[in-house]
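Colleague: I would like to learn how to read salt bridges and burial in a model, one step after another. Could you show me?

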Amino acid sequence: SHTCRENLILRASLDSSAVYAIPNAVDTSKFTPDPSRPLGERINIVVVSRLVYRKGVDLLVGIIPQICQDFPLVDFIIGGNGTKRLALEEMVEREQLQ
């Protein structure tokens, strides 16, 4: 991210012209909803990430049950692996969300 880039430059006293931030590579021409397709009743929230504390997975574990209770037409699709995967799996089982 650009924030990480700026932090690196400041902390390591690097020349800013030598440090680049590579953005996430999402081709929006390939991942754009088709406006001619009717919207379904369900809402899918997709998360693809390393499943680690630094990426906020603990926040997901805390909020997903509440969102699913308040909004029964919301589905979460989560892809990834990491040290917090077990916490997500335990939350799914505990809350009976499958």
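Modeller: What follows takes up salt bridges, then burial.
This is a predicted model, in which local features need pLDDT of at least 70, side-chain atom pairs count only at pLDDT 80 or more, and totals for chains, interfaces and linings use all residues. Residues are numbered from 1 along each chain as its sequence is written, and side-chain values use heavy atoms, with hydrogens and water left out.

Colleague: What is a salt bridge, and how many salt bridges does the count come to?

Modeller: A salt bridge is a side-chain nitrogen of Lys or Arg within 4 Å of a carboxyl oxygen of Asp or Glu. By this rule the count comes to four; among them is the pair Asp75 and Arg42, whose closest N and O atoms are 2.6 Å apart. Asp75 lies in strand E2 (residues 74-79) and Arg42 in the loop between H1 and E1, so the pair ties together parts that are 33 residues apart in sequence. Helices (H or I, at least four residues) and strands (E, at least two) are DSSP runs, numbered from the N terminus.

Colleague: Which helix holds both Glu89 and Arg85?

Modeller: Both lie in helix H3 (residues 85-95), four residues apart, about one turn of the helix, and their side chains meet in a salt bridge of 2.8 Å, N to O.

Colleague: Is Arg5 buried or exposed?

Modeller: Buried means under 20% relative accessible area, exposed over 50%, and partly exposed in between (1.4 Å probe, protein chains only). Arg5 counts as buried because its relative accessibility is 19%, whereas Glu6, its salt-bridge partner at 2.7 Å, is partly exposed at 40%.
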